[in-house]
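This report walks through one protein model. Look over the sequence and the fold before reading on.

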Amino acid sequence: MKKLIKFSGPILFLFSALMLSLNVYASFHDSAEVTNHFSLGDVNIGIKEYELIDENEVEYQDQKQVMPGDVISKIPRITNYAEPCYIRARVLVHDLNTGIAFPEENIQFDSAWIKRGSFYYYPSALKKDVSVDLFHQIEIPSNWGKSMEERTFHVEVIAQAIQAAHFQPALESSEPWGKQTILQCIHEQDGKVITEKDKAALNIKLDGEAGKIMIFPDDFFSNFGYLMPGDTLKDSVKITNFTDEKLQLWFRTDHSEASQEQYDLMRQMRMKIYRDDLKIYEGNVASDLLEKEICLYVLEPREQGILSFEIEVPTSIDNTYALADGLVRWHFRAESAGTEKITTPPHRKGGTRTSGKKITNRKNVKTGDNTKLNLWIIMMTVSLILTILSINGKRGDAYEKEEE
C-alpha cells in the first residue's frame with residue numbers, strides 16, 4: 001500500500017501530460033486550397049460564298065464567263081463562330097489589271113445592312129453560330145461594250161467584327177464604331193465552347209466533426225464562364241464556423257504555376273476582395289502582396305462571414321489574348337484562436353511585380369503550425385521517461401533497504 005502511494009505522483013504527472021496532449025489533438029488546425037481558373041472569350045468570324053443553281057444553294061464556283069446584262073448569283077455568308085459580336089463588311093470589285101471599279105449599285109445587298117461610309121453595318125449583335133448574308137447577286141452593267149471585253153473583275157469581301165459585350169454601335173453616326181481598333185483574331189475555329197449551367201453556391205465550412213476545412217466547389221471562378229474585355233464579375237463565398245471553438249482563418253494566393261502569358265494577363269486584370277463590407281485588397285490578380293498570409297476572419301462558434309471578390313477585365317485587353325486562360329490558387333488555413341490577440345490587416349492595394357518578368361516556380365509555403373503539438377509530444381515523452389526512471393529509482397531504494 002505504501003509503494004502505491006509513493007508511485008502515484010509520477011503516474012498523475014504522466015496522466016496530466018497525456019490529457020494535455022489529447023487536448024492539443026482536439027483543437028482545430030487544418031489547411032486547404034482551391035484552384036480558380038478563368039478563360040477569355042474570342043471574336044471569330046468566317047466567310048463562305050454560295051450561289052443558287054436551279055433554286056438549289058451550292059458552294060460558289062469562281063472564274064465565271066459573263067456578258068453585259070448577266071445576273072450572277074453570289075451570296076457571301078458571314079458566320080460568327082465565337083462570342084456575340086457586331087460585324088461590318090466592305091465590298092471591293094475592280095479590274096485586276098487596270099483597277100477600274102465596278103458600280104456598287106449593281107450589287108444587290110441584303111436590306112438589313114446599313115451603309116455608313118465605305119462599310120455596311122449589320123445593326124444587331126450576331127450570336128454564336130448565327131449567319132447573315134451580305135448580298136445575293138451581282139448584275140453586270142448592260143452598257144458595257146467592247147472596251148470591257150476580256151477584262152477580269154475581282155470581288156473581295158472584307159468582314160470585320162468587334163465584341164458585343166460592353167459596346168453599342170452608334171448607327172446614326174458616320175462612323176458607328178468610332179475609332180475602335182480591329183485586330184486579327186488568333187484562335188482555333190473548333191475552340192472552347194461555353195456550357196450554360198446553374199450558378200454554384202460558394203462555401204467554406206470549418207467542420208468540427210471532421211476537423212477539416214470543407215470547400216465547395218473546387219473552383220471559385222466557375223460561375224464566371226468566359227471573360228470578355230470590359231467585364232466586371234462578382235461572386236461571394238459564405239464562410240461558416242461549425243466548430244465549438246473560436247477560430248481564425250488565414251488566406252494567401254499562389255500563381256507560381258502560371259506561364260509567362262498567363263502571368264502577363266493576370267497582371268492586367270484587376271481584383272477587389274471584401275471581408276463582409278470592408279475592402280481588404282485592391283490590385284491586380286497576380287500581386288505579390290497576396291502571397292503573404294493575411295487573417296481574413298476570427299469567427300466565434302457557429303458564426304458566419306462573407307468573403308466577396310470582384311474581377312475586372314480592362315477594355316485595353318484585345319484579341320491578342322483570345323482564348324487565353326489562367327489559374328490562381330487560393331490557400332486557406334484555420335486554427336484555434338485561443339486567447340491571443342488577433343489583428344486583421346487594413347485595406348491592401350496591390351501593384352505589379354517589380355522584380356522583373358521572369359517567373360520561377362516557388363516552393364509552397366508550409367501551412368499549418370505544429371509547434372504546440374510537437375512540444376506536447378516531447379513533454380509527454382520526457383514525462384514517461386522520467387516516470388520510468390523514478391519508478392526504477394524507488395525500486396532500487398526499496399531493494400537497498402531490504403538488504404540492510
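Which strand gives the largest share of the lining of the largest pocket? Strand E12, residues 153-163, does, with three residues. The model is a predicted one.

## Overall make-up

The protein chain holds three helices and 23 strands. It has 404 residues, and 40% of them count as buried. Long-range contacts are well represented. Take the contacts between residues at least 6 apart in sequence: 81% of these join residues at least 24 apart.

## The largest pocket

The volume of the largest pocket is about 830 Å³. Its lining is made of 27 residues. Closest to the pocket centre are Lys64, Val66, Arg151, Thr152 and Phe153.

Sorted by class, 14 lining residues are nonpolar, five are polar and eight are charged. Strand E12 supplies three of the lining residues, the largest share.

## Nonpolar cores

How many residues make up the largest nonpolar core? It has 46. Within this core, Phe220, Trp330 and Phe332 have the most contacts. A second core is separate from it and has 26 residues, including Ile78, Phe102, Leu134 and Met228.

As background, nonpolar side chains tend to be buried together in soluble globular proteins.

## Helix H2 and its cover

Helix H2 spans residues 260-268. Five of its residues are buried: Gln262, Tyr263, Asp264, Leu265 and Met266. What covers these buried residues? Strands E1 (29-40), E19 (278-284) and E22 (325-336) are among the elements that do so.

## Leu206 in strand E13

Strand E13 covers residues 202-207 and contains Leu206. Is Leu206 buried or exposed? Leu206 is buried, because its relative accessibility is 0%, and the cut-off for buried is under 20%.

Beyond its neighbours up to four places away in sequence, Leu206 touches Phe28, Lys212, Ile213, Thr240, Asn241, Phe242, Thr243, Leu247, Leu249, Leu299 and Ala334. One of these partners is Leu249. Leu206 and Leu249 are 43 residues apart in sequence, yet their C-alpha atoms are 9.3 Å apart in space.

## Ser73 in strand E4

Ser73 sits in strand E4, residues 71-73. Which backbone atom does the side chain of Ser73 reach? It reaches the backbone nitrogen of Leu52, at 2.8 Å.

Leu52 is also one of the residues that Ser73 touches. The others are Tyr50, Glu51, Tyr60, His136 and Gln137, with residues up to four places away in sequence left out of the list.

## The loop between E14 and E15

This loop runs between strand E14 (212-216) and strand E15 (226-227). Pro217 lies in it. A cis peptide bond joins Phe216 and Pro217, with omega about -15 degrees.

Asp219 lies in this loop too. Is Asp219 buried or exposed? Asp219 counts as buried because its relative accessible area is 12%, against a cut-off of under 20%. Asp219 touches Val34, Thr35, Asn36 and His37, not counting residues up to four places away in sequence.

## The loop between E9 and E10

Strand E9 (119-121) and strand E10 (131-133) flank a loop that holds Lys127. Lys127 is exposed because its relative accessible area is 60%, and exposed means over 50%. Leaving aside neighbours within four places in sequence, Lys127 is in contact with Asn80 and Pro84. Lys127 and Ala82 are 45 residues apart in sequence and 7.9 Å apart in space, C-alpha to C-alpha.

Asp129 is in this loop as well. Asp129 is exposed, with a relative accessible area of 53%. Its phi is positive, about 70 degrees, although Asp129 is not a glycine.

## Asp276, between E18 and E19

Where is Asp276? It lies in the loop between strand E18 (270-275) and strand E19. Asp276 has a positive phi of about 55 degrees, although it is not a glycine. Its relative accessibility is 37%, so Asp276 counts as partly exposed. Strand E19, at one end of this loop, is also among the strands that cover the buried residues of H2.

Methods
Residues are numbered from 1 along each chain as its sequence is written. This is a predicted model: local features need pLDDT of at least 70, side-chain atom pairs count only at pLDDT 80 or more; totals for chains, interfaces and linings use all residues. Side-chain values use heavy atoms; hydrogens and water are left out. Buried means under 20% relative accessible area, exposed over 50%, partly exposed in between (1.4 Å probe, protein chains only). Helices (H or I, at least four residues) and strands (E, at least two) are DSSP runs, numbered from the N terminus. Contact means heavy atoms within 4.5 Å. A polar contact is a pair of N or O atoms within 3.5 Å; within protein, one must be able to donate a hydrogen and the other to accept it, and residues adjacent in sequence count only if both atoms are side-chain atoms. On a 1 Å grid over the protein atoms alone, a cavity is a set of points where a 1.4 Å probe fits but cannot get out, and a pocket is an open set with protein on both sides within 12 Å along at least five of seven lines; lining residues have an atom within 4 Å of a point. Grid points are joined across faces, edges and corners, and a volume is the space filled by probe spheres set on the points. Ala, Val, Leu, Ile, Met, Phe, Trp, Tyr, Cys and Pro count as nonpolar, Asp, Glu, Lys and Arg as charged, and the others, Gly among them, as polar. A nonpolar core is a set of buried Ala, Val, Leu, Ile, Met, Phe, Trp, Tyr and Cys residues joined through side-chain atoms within 4.5 Å.
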